[in-house]
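These are my notebook entries on one structure. I wrote down what I looked up, in the order in which I looked.

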Amino acid sequence: MMSLTLEGVVLIGALGLIVIGALGMAISNHLFRMLLALVLAESGANLLIVLSGYRVGASAPILGFGDPTAPMVDPVPQVLVLTAIVIGVGVQALAVALLLKVYRVYGTLNVRELRDRMDADVATAAGVEADASQDAPAGERPLPPVPAHASVGSGGFGRRGPVPFPPQSDERRP
Amino acid sequence: MISDLAVPNLFVAQAGQLVLPVVLPLLAAFLMQPLARVSTALARGLGPLVLILCAWITAQLWIQLGDAPFTLAIGGFAPPLGILFYADGIALLFALAVPVFALLFWPGSESGGGAGADSRPGSDQADRDQAARRDALVLLLVAATTGLALSGDLFNLYVFYELAAVASFGLVALSGTGRAQVATFRYLMISAFGSVLALAGIAILYMQTGTLNLGQLAQLAPETLNNPIGSAAFALMLIGFGVKAELFPVNTWVPEVYAGAPARVSALLAGLVSKLAVLVIVRLLVLIFPQPEAAQMLLVLGVLGVLTGEFAAWRAKDFPRMLAFSSIGQLGIVFVAFSIGGEIGLLAGLAVALHHLIVKSALFGLAVRWNGSLEALAGAARTSPLGAALFVLFALSLVGVPPLPGFWAKLTVIVGLAERGTPLDITALMSILLVTAVEASYLFRVAIRLYQDNPDPVARHARRDLGVSALLGAVLVAATLGLRPVADVLGAGAAQLGDRAGYIETVFPSHVAGKD
Amino acid sequence: MTSLDHLVLVSALTLALMLLFGRMRIAGRLAVVLYAVQFLLLMQTGALLGEPVASSLTLSVLDLQMHWRYDALSWFFAMITIGAGFFCAWYAAGVWQERYREEGHSPRLFHVALAANVLTMLILLGSGDLLSLFIGWELVSWASFLLMAVGGGPAGRAALRYLVYAFSGGMAILAGLMLIYTQTGSLDYARVLSLLGELSDGQVWLLLLLIGGGFAVKMGLLPFHLWQAAAYAETPGPGSSFLGAISARMGLYALIMLLVAMLGIGRLTAMEVPFTFLSARDLIAWIAALTVIIPTYIALQQHDARYLLAWHGIGQGGYMLLGLMVGNAVGSAGGLFHVFTYGITQAALLMAVFAVVHRTGTADLNKLGGLVARMPLTFLVLLFGIISLAGLPPMAGFVSKWMVYRSLVAEGMPLLFVAAVVGTLGTILSVYKLIHNIFLGQLRIEHEQVREAPLSMLLPMLGLSTLIFLVGVTPGPALSWVAAVQASLGLPPVPYTLGGIEDPRGGLDMLWLVGILMAGFGVGALIFFGLGGRSKRVHQLDNYAGGHFLTADVRYQYSDNFYAGLMHLIGPWYRGAFLWLEKALTATVAFLSAVMNGFYRYAQPALFVLATAVALLALTTA
Amino acid sequence: MTTWVALVVVVLMLASALAVLLLRSFVAAVAATAVVGLGLTVLFVLMRAPDVAMTEAAVGAGLSGVILALALRRLGLWRIEDNGRGDGDA
Amino acid sequence: MRNLASLLFAGGLAFLLLTLLSQLAFGTPPMRVGSEILAVAPGEVGAANLVTAILLGYRGFDTLGELAILFAAATAAGVVLGRRRDDARRDPPGGEVLRTGADLLFPLLVVVGFYVIAHGHLTPGGGFQGGVILAAAFFVALLAQPARHLSHGLILWIEGLAGAAFILIGIWALVASGDFLAPLLGPGRMGELLSAGTLPLLSLAIGLKVGAELAGIMAHIADAEAPDT
């Protein structure tokens with residue numbers, strides 16, 4: 001920034017909020033803090049939109065509110081931001097509701113604890129609860145077992161059918 | 001005043017009625033909960049009724065006005081000022097598909113709120129409230145997705161996109177399990193993060209052009225957006241709108257959500273909602289960002305999506321999750337196809353997208369009962385032979401076996417890639433072919449398992465789910481038989497979709513075109 | 001409507017009728033009649049000698065024209081296909097079908113699968129351009145999958161393995177086609193042919209790798225052979241015969257199209273394998289030779305008669321390709337002719353084995369023996385079959401194999417000749433094991449009551465045996481087809497006579513050969529009967545050993561673990577190599593899959609979003 | 001003049017935003033979020049957007065804070081002091 | 001490791017966005033649509049507050065979508081938190097001071113809320129802002145007496161009917177003039193309370209809807225089971 005202008009300052013503020021919010025979402029270990037970070041990032045985006053309609057030296061877009069001769073700022077972004085703010089608060093409220101429910105079920109909002117508890121949940125319920133995923137514990141296993149189709153004729157050369165009566169030649173080799 | 005005008009205005013098809021398929025579901029959704037307090041039967045019947053009405057209105061409009069694209073300025077404000085609906089063949093097709101599919105996968109009681117892990121025997125009142133909320137959310141989703149298909153205003157698209165997102169959060173949480181809630185929260189965070197980026201993109205775009213109307217943006221794009229700033233705006237919006245479209249790095253919510261949500265909701269999300277999000281991205285790509293960088297981004301992310309999705313599906317242990325991963329892969333192909341651009345690219349993308357819409361919805365319809373682990377599906381063909389046969393049909397088409405539509409769609413993509421033939425395209429082509437083999441392996445592993453002997457197979461399908469899947473299967477077969485007309489229709493749709501000049505011309509009829 | 005349309009329509013009608021009426025008892029016989037009708041229609045097309053017959057159906061997709069036509073090559077393969085379908089349906093039509101039903105399977109599904117196989121193969125053989133070739137190819141793959149999978153159980157697993165191989169091959173072919181398309185802008189044979197010459201050697205290599213590799217999968221060429229034995233062997237009886245007789249030959253058909261018709265042997269000979277003194281033709285010939293040897297010796301150690309024959313099927317494919325790669329009149333004729341002779345041989349052999357299975361319930365070579373007394377006609381069929389398979393006179397297999405050997409020697413390829421002979425050695429050893437362990441030796445007590453195979457199964461077997469013998473004695477008519485095929489492919493046609501081939505450097509006349517053979521037998525018979533010809537038929541156990549009378553509950557003669565010493569001698573060196581390759585690939589996919597899964601399970605997805613945003617923005621500003 | 005006001009507000013706002021991530025106490029973090037909302041309100045006023053400012057004041061600084069605080073109570077995180085469970089940032 | 005990566009990426013994002021955005025001409029926007037609206041809006045819509053004119057006129061459809069989003073969020077929150085054990089612990093009621101304060105504050109907030117709503121087309125403010133204030137009034141009452149049975153039914157009716165009213169006004173316009181949400185009743189005289197056509201009506205519908213929605217959400221959250229620990 002060569003000289004300090006309002007729009008420059010606000011731009012830095014908006015970007016700062018977005019970046020800090022994004023950072024917070026990426027590093028938070030706690031779902032609630034993640035939500036707070038999201039609120040920050042949304043604020044930053046809102047600020048950026050309003051900034052995109054700001055006009056140096058213009059007045060608010062309300063007739064009879066200020067200097068009638070001065071140009072007005074662009075009102076469209078302001079409308080967009082109004083909408084965005086309300087959308088944001090709706091999403092935020094829904095997120096809070098989800099957090100309450102998650103906390104009630106698992107008793108924690110810490111990301112790692114949550115994952116452990118969900119996995120434990122699935123492990124105990126495996127095969128019992130129909131809509132629980134069977135997949136979850138897999139992350140802890142080193143490598144998956146070779147699936148069934150890959151080991152067809154595992155002896156290699158198709159010794160299948162009825163089990164041969166004597167042990168087969170290759171198993172007797174020295 | 002009303003008595004004179006109401007009859008002609010409401011019962012003769014005219015462009016103004018195009019808002020009704022968006023507005024009527026909203027109206028019904030707003031009134032759903034109070035109505036449920038008054039009469040349960042009324043509330044229960046309201047949703048399907050409204051959907052039928054919407055489909056009928058859209059069909060009427062399409063038949064009577066749909067030869068050429070037409071627009072509708074909402075509120076009667078001249079185009080760049082107000083919000084605009086733009087209806088070309090593809091938009092109307094999707095606008096028609098939305099209520100139809102919502103009707104097909106209208107969540108019934110069995111996938112509703114009561115099935116959760118921690119459900120307790122709630123009171124009747126609570127159950128009825130929950131059912132009303134569910135119906136309201138589906139109607140909201142319908143309104144939002146219809147809006148996505150029709151809207152010609154960038155911010156309006158964003159609003160509808162958010163509406164679709166929020167409504168689907170609620171629907172996913174319906175199953176009531178803890179896992180579903182965690183999945184929903186995760187979905188919400190990704191989606192909201194994406195929205196922040198998309199908003200930033202919109203801000204940049206507005207800063208650059210001073211307008212939100214897609215037509216005007218298309219006019220201004222060559223001089224103002226064909227630069228790094230424009231590409232950056234596209235990148236940001238791609239990430240934002242890509243969340244619902246299951247675009248590669250912002251799709252990590254997909255498996256958990258589809259596995260946790262009620263199967264019919266998954267069917268709607270994977271089938272319908274993702275396609276509308278794709279349509280939005282395609283509109284942006286075609287109209288505003290025709291520069292090659294934008295298409296390349298889409299191509300790279302699409303290829304990564306194809307690879308990650310299909311490979312991950314290979315190891316999935318339960319049915320919905322497998323479908324979810326496969327859906328990621330298929331949408332990756334859709335992105336690759338659209339990134340090719342030109343008429344063949346658009347045609348390929350549309351074909352793959354519509355094919356996936358039909359097939360994946362139907363498969364999720366089967367997952368209403370087959371919602372457990374894949375191992376538990378052994379011998380399922382014995383209890384529901386039609387279901388198993390349909391699975392095989394859909395799997396064949398998904399993999400791309402001639403002469404099913406899936407093959408022609410994939411072939412179009414591949415030919416398109418081969419025709420352009422840059423190293424990146426060839427990589428994409430090879431990736432698609434590679435994962436198709438993987439796809440065949442995991443899908444038919446399941447198919448074989450369905451036909452195994454098992455003394456204790458899973459329960460049979462409900463007649464309704466089976467009927468819906470069979471209907472979609474019949475559509476698939478019909479499309480196979482009538483390949484040529486279908487291809488012609490799609491080709492015409494693709495031509496319209498890719499017609500940038502036509503879009504501008506429709507929004508600003510000739511004499512205004514030079515207006516600044 | 002051309003005659004080709006009629007043929008395909010009747011074939012489709014067969015499929016439809018099987019779908020509708022396959023449940024009924026009459027279905028089998030109906031199918032036999034329909035296959036016979038198809039055969040007659042094929043005979044009527046006149047594609048063999050006249051101009052190629054085109055179908056009136058054309059399709060165009062994405063500006064790509066698709067059309068279908070039959071030339072001599074198509075006719076030749078179609079003739080074998082329909083013939084195999086005819087005999088296998090006949091075999092299935094009676095008792096077998098009822099037993100199959102009783103075992104809880106669906107005969108309808110079987111008939112449908114068989115009819116679908118025949119139909120799709122006819123479509124594939126008629127392909128008039130590369131796109132229709134690919135579509136036909138895929139159709140055949142999936143129809144085979146259906147036929148393999150109808151058995152359920154281990155058959156399902158084997159079928160899945162086949163599917164993975166075949167579909168991967170199909171995708172490789174598609175990639176190759178796209179390579180052609182980018183280079184020539186078309187997928188039409190004629191246009192591609194004219195432009196193919198302009199491809200660089202590197203591109204042709206890529207093409208060979210992709211398309212040739214894809215086709216080779218179906219043929220079971222090394223190293224893509226692992227799927228075939230189990231898949232073919234586990235298929236229900238007549239289906240197994242059908243697959244063994246013709247299915248893998250579709251791969252050969254496509255390879256002929258690619259290597260001979262499109263690229264041409266000359267081009268292959270001119271292309272050098274980098275860093276070696278081999279040409280591409282030598283390379284392919286050596287692959288074919290290894291395909292002869294290795295699966296044959298694997299067959300040697302099988303303990304299941306079905307698997308033994310199925311492994312042979314892979315090896316015999318090698319002869320065909322080997323003969324074609326020699327490229328001269330006799331060699332290529334030998335390769336093509338072997339398709340026919342081997343088809344009827346393998347069908348007869350598998351039918352015999354499945355007849356034994358039908359009666360005894362097992363194909364385990366260690367649990368059979370001495371059945372010659374109970375099933376003499378089946379024995380005879382098997383005997384004819386193995387003589388033909390081993391390439392000994394006077395059966396059909398001898399003629400084709402002789403032609404291959406002769407061309408190898410004549411064209412100065414002694415090493416390949418030795419390889420082929422080594423393969424034949426293995427064949428002789430293993431077919432001896434087959435007939436010995438099933439029919440010779442001590443009859444097992446549990447098989448005391450076994451009867452001859454039912455007539456409905458016996459008749460087609462005997463018919464095929466007769467055919468094997470007749471073609472062996474008078475190969476002329478069949479060779480006339482081969483000559484026509486060669487002419488249509490642009491190869492020098494083989495100079496055939498009624499009894500064999502004519503060649504200044506040493507021809508073959510089976511009439512003479514058989515005559516001499518018969519004369520020998522006659523002399524022997526004369527001596528035997530002249531000296532009284534007394535013989536007495538006794539029960540196998542009406543005997544004594546070491547002063548004790550024999551009892552049925554003791555086994556005096558062991559047939560299990562046949563060739564243990566030989567196996568020990570050869571060692572296990574070749575056993576795991578290709579399996580290792582397959583396992584490595586599976587493990588790679590599993591690893592990738594685990595990584596991708598990990599990505600989707602990662603708890604902080606925001607990081608990815610962030611990273612992607614940065615990456616994309618960096619791309620745009622860069 | 002307004003530029004300097006804005007600068008102060010922006011600095012304050014970014015500091016609060018960082019505090020949201022760094023403070024271990026969630027109550028303090030929510031309070032910091034509200035401070036960011038207030039800062040935003042001031043900036044909106046400075047940018048001649050009174051409607052937006054009003055909404056942001058009502059929503060960002062008010063309603064949103066209330067909802068979050070309410071959630072804290074329900075989540076059992078309504079503790080001013082360090083809760084010592086390592087819930088803070090990693 | 002993850003933190004380091006996140007920091008790096010965040011730094012990268014900051015740098016890239018800054019370089020990109022510093023190329024934009026902030027402070028002098030192109031205002032293609034904006035200036036045109038500024039020119040024609042007073043005549044077309046008749047609201048002194050041009051933001052409201054756009055919000056309810058030019059971009060009224062966005063506003064409808066936004067209402068729907070809020071409604072969807074409230075409904076989804078209801079879905080998530082819908083089932084409540086009857087024996088779940090509630091917060092204790094507020095103290096005497098709080099209750100008295102609430103009794104005083106409640107009518108005041110309601111009045112202010114309606115004032116803001118009603119003057120939305122003239123001065124800063126409007127449906128959203130007023131709605132939030134209404135919700136706040138409701139919340140204050142809730143805070144004072146948590147155990148009081150919340151009339152979910154009333155909230156449902158208000159939000160349903162208010163939303164329906166917005167749409168019905170739109171459809172009325174569709175019937176009357178052929179365009180959904182077209183301004184009706186004429187612009188009136190700029191600056192008067194009863195001016196700007198249907199805008200005040202829409203504003204009222206929005207206010208009630210937003211108020212009911214937010215109140216509903218807060219009621220749901222406040223009504224959620226307190227943790228057992």
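**Entry 1: chains B and E.** Before counting, I fixed the term: two residues are in contact if their C-beta atoms, placed from the backbone, lie within 7 Å. The model is predicted, so I treat every count as computed from a prediction. With that cut-off, 60 residues of chain B are in contact with 51 residues of chain E. I then asked which elements of chain B give two or more residues to the side that touches chain E. They are α1 (2-11), α2 (20-38), α5 (124-150), α6 (154-173), α7 (178-209) and α9 (228-242) of chain B. The largest share comes from α6(B), with eleven residues. By class, I found 38 nonpolar, 17 polar and five charged residues on this side of chain B.

**Entry 2: which chains touch.** Eight pairs of chains touch, and the pair B and E has the most contacts among them. I also looked up two pairs that do not touch. Chains B and D have no contact, and their nearest C-alpha atoms are 15 Å apart. Chains C and D are not joined by any contact either; their closest C-alpha atoms lie 12 Å apart.

**Entry 3: chains A and D.** Here 43 residues of chain A are in contact with 42 residues of chain D. On the chain A side, the elements that give two or more residues are α1 (6-27), α2 and α3 (75-106) of chain A. Of these, α3(A) gives the most, with eleven residues. I noted the classes on this side of chain A as 30 nonpolar, twelve polar and one charged.

**Entry 4: confidence in chain A.** The mean pLDDT of chain A is 71, and 65% of the residues score at least 70. Where in chain A is confidence lowest, and where is it highest? It is lowest in helix α5 (residues 169-172) of chain A, at a mean of 38, and highest in helix α2 (residues 31-53) of chain A, at 89. Over residues 127-174 of chain A the pLDDT is below 50, yet this stretch has 99 contacts in the model beyond near neighbours in sequence.

**Entry 5: the nonpolar core.** The largest nonpolar core has 666 residues. The members that touch the most others are Leu94(A), Leu99(A), Leu140(B), Leu322(C) and Ala73(E). The largest share of this core, 23 residues, comes from α3(A). I followed Leu140(B) further. Leaving out residues up to four places away in sequence, Leu140(B) touches Leu26(B), Ala29(B), Leu163(B) and Ala167(B), and also Ala68(E) and Ala72(E) in chain E.

**Entry 6: spans in chain E.** The unreviewed UniProt entry lists residues 64-83, 104-122, 128-147, 154-173 and 193-212 of chain E as "transmembrane region". I checked two of the listed spans in the model. For residues 104-122 of chain E, the end C-alpha atoms lie 28 Å apart, and the span is 79% helix and 0% strand. For residues 154-173 of chain E, the end C-alpha atoms are 28 Å apart, and the span is 100% helix and 0% strand.

**Entry 7: a sheet in chain C.** I found an open sheet of three strands in the order β3-β4-β5 (chain C), with antiparallel pairing. The edge strands are β3 (496-497) and β5 (508-509) of chain C, each pairing on one side only. Strand β4 (residues 500-501) of chain C pairs with β5(C) over two bridges. In one of them, Gly500(C) has Asp509(C) in β5(C) as its bridge partner.

Methods:
Residues are numbered from 1 along each chain as its sequence is written. Chains are lettered from A and ligands numbered from 1 in the order in which they are written. This is a predicted model: local features need pLDDT of at least 70, side-chain atom pairs count only at pLDDT 80 or more; totals for chains, interfaces and linings use all residues. UniProt positions are given in the numbering used here, feature names are shortened, and annotations may be inferred rather than shown by experiment. Helices (H or I, at least four residues) and strands (E, at least two) are DSSP runs, numbered from the N terminus. pLDDT is the predictor's confidence in each residue, from 0 to 100. Ala, Val, Leu, Ile, Met, Phe, Trp, Tyr, Cys and Pro count as nonpolar, Asp, Glu, Lys and Arg as charged, and the others, Gly among them, as polar. Two strands pair if DSSP finds at least two bridges between them. A nonpolar core is a set of buried Ala, Val, Leu, Ile, Met, Phe, Trp, Tyr and Cys residues joined through C-beta atoms within 7 Å. A residue is buried if 20 or more other C-beta atoms lie within 10 Å of its own, exposed if 12 or fewer, and partly exposed in between; C-beta atoms are placed from the backbone.
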